[in-house]
Amino acid sequence: MAFRGKRPEHGGPPELFYDKNEARKYVRNSRMIDVQTQMTGRALELLCLPEGQPCYLLDIGCGSGLSGDYLSDEGHYWVGIDISPAMLDAALDRDTEGDLLLGDMGQGIPFKPGTFDGCISISAVQWLCNANKKSDIPAKRLYCFFSSLYSVLVRGARAVLQLYPENSEQLELITIQATKAGFTGGVVVDFPNSAKAKKFYLCLFSGPSTFLPKALTETTDEEEATESAFTSERLCFSFPCHSLGSCWVSALPLPGVAGPCPGPVVGSSRASLDPAQDGEARGGEEEP
C-alpha cells in the first residue's frame, strides 16, 4: 500500500496499512533493512545498558523482527509486540529468536510489573496520535500506553522510542502523556539540519533523570544546539534565537520529568518533522 508524499497513518489503521505487501518490503528491500538496523542500533546505544550483560528487552511495533534480530545479535533476549498479523507472520517466516505478541499498544502492554530491563520502538508511537474510529482518543491511548510501559519496566530502566511526530503539537502531546505516566527524560534529535538523516528519539527514564545522551550531528561546530527535555512536573523547549520466538500470540482482541530542565538535546525547530521527506521510517518508506 503506497503512500508517497502522505503520512501513512492518515490513511487508516496500522493493521490494515501493514498488509502482506508491506510486510514483504521488510524482507526484500535492502534499503529498508539497513535503515531499520541503523535506527535500532542507535536506540540500543541510547538505552545505555550495562556492557557485556544480556538484558530482557521489549520491542514495541516489532514488525517483521528486523530490530529484534539486531537485539539478538547483541546478545539480548526480547519480546516483540505488533498490531499487524502480516508483519508478525513475516517475522515467523524469518525465524526470529524473540517471542512475538499480537496486540494494540494503545490498549496497554500486557505484562507483569518490572518484567523488562529496557524497551525500544522504531517508528511506531506516532500511530497513536490518530483516531481511526470514534472511540479512539489519542491522549487516552497514549496515556494507557505510557502508564503500562512504565509499569512493565524495571525501576530505573529506560525506553527509547524512535518516532516521526507530524508537528511540534503532536510531539508535545506525546511527551505530556509520558510525563503523566511517571516518566522523565527528553527528546534527542540526530542530524537536525538534514532532511534525510534527521531522526527523533524519545528517551524515557522510569526513575530519576540522570542525563540525556548527546545527539549526533554532521558538523557540531557549525550547528547551534536545540535543547528539549522534560521532567515529571513539566515540559520545556529551549530554542536558539536564530532557529525558530517460535510463535506469536494475541494478548488483546484485534478488531479487523522535578526541577530545571536538563540538557543537552540537539535539534532544529525549522527542520521538518515529516517522515515522508526521508522515506526511511516505518510508515514512511519508499519502494526501491
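**Exercise 1. Two positive phi angles**

Task: Place C48 in the loop between α3 (30-47) and β1, then work out whether C48 is buried or exposed, or in between.

Solution. This is a predicted model. Start with the backbone. C48 is not a glycine, yet its phi is positive, at about 55°. Next, take the accessibility. The relative accessible area of C48 is 41%. Buried needs under 20% and exposed needs over 50%. C48 is therefore partly exposed.

Now turn to S123, in the loop between β4 and α6. S123 also is not a glycine and has a positive phi of about 55°. Its relative accessibility is 1%, so S123 counts as buried.

**Exercise 2. The neighbours of β1**

Task: Find which strands pair with β1, starting with β2 and going on to β4.

Solution. Step one: locate β1. This strand spans residues 56-60, and 4 of its 5 residues are buried.

Step two: look towards β2, residues 77-82. β1 and β2 pair in the parallel sense, over 5 bridges. In this pairing D59 stands opposite G80.

Step three: look towards β4, residues 116-122. β4 runs parallel to β1, and 4 bridges join them. Here D59 stands opposite I120.

Step four: trace the connection from β1 to β2. Helix α4 (residues 66-73) joins with β1 and β2 in a right-handed β-α-β unit.

**Exercise 3. The two sides of α2**

Task: Decide which residues of helix α2 (residues 20-28) are buried and which are exposed on the other side.

Solution. List the buried residues: E22, A23, K25 and Y26. Check how they spread around the axis. They cover an arc of only 145°, which puts them on the same side of α2. A general rule fits here: an α-helix has 3.6 residues a turn, so residues three or four places apart point the same way. Then take the other side of α2. K20 and R28 are exposed there.

**Exercise 4. Aromatic pairs**

Task: Classify the ring pair of F145 and F146, then that of Y150 and F183.

Solution. The count comes to 5 aromatic pairs. For F145 and F146, the ring centres are 4.9 Å apart and the planes stand at 50°. Planes under 30 degrees apart count as stacked, and over 60 as edge-to-face. The F145 and F146 pair is therefore tilted. F145 and F146 are buried.

For Y150 and F183, the centres are 5.1 Å apart and the planes stand at 80°. That angle makes the pair edge-to-face. The pair links distant parts of the chain, 33 residues apart. Y150 sits in helix α6 (residues 138-152), and F183 in the loop between α7 (168-180) and β6 (184-190). F183 has a relative accessible area of 0%, so it is buried. Ring pairs link F145, F146, Y150 and F183 into a cluster.

**Exercise 5. The nonpolar cores**

Task: Say how many residues the largest nonpolar core has and which element gives the most to it.

Solution. Begin with the count: the largest nonpolar core has 34 residues. Those with the most contacts inside it include L58, I60, F145, F146 and F183. Next, the elements. Among those giving two or more residues are β1, β2, β4, β5 (153-163) and β7 (199-205). α6 gives the most, with 6 residues. Last, look elsewhere. Apart from this core lies another, of 25 residues, among them L49, C62, F205 and A215.

Terms used. Residues numbered from 1 in each chain as written. Predicted model: local features only at pLDDT ≥ 70, side-chain atom pairs only at ≥ 80, totals over all residues. Heavy atoms only, no water. Buried < 20%, exposed > 50% of the residue type's maximum accessible area, 1.4 Å probe, protein only. Pairing = 2+ DSSP bridges. Right-handed = clockwise from strand over helix to strand, strands pointing away. Phe/Tyr/Trp six-rings, centres within 6.5 Å; stacked < 30°, edge-to-face > 60°. Arc of directions from axis to C-beta. Core = buried A, V, L, I, M, F, W, Y, C linked by side-chain atoms within 4.5 Å.
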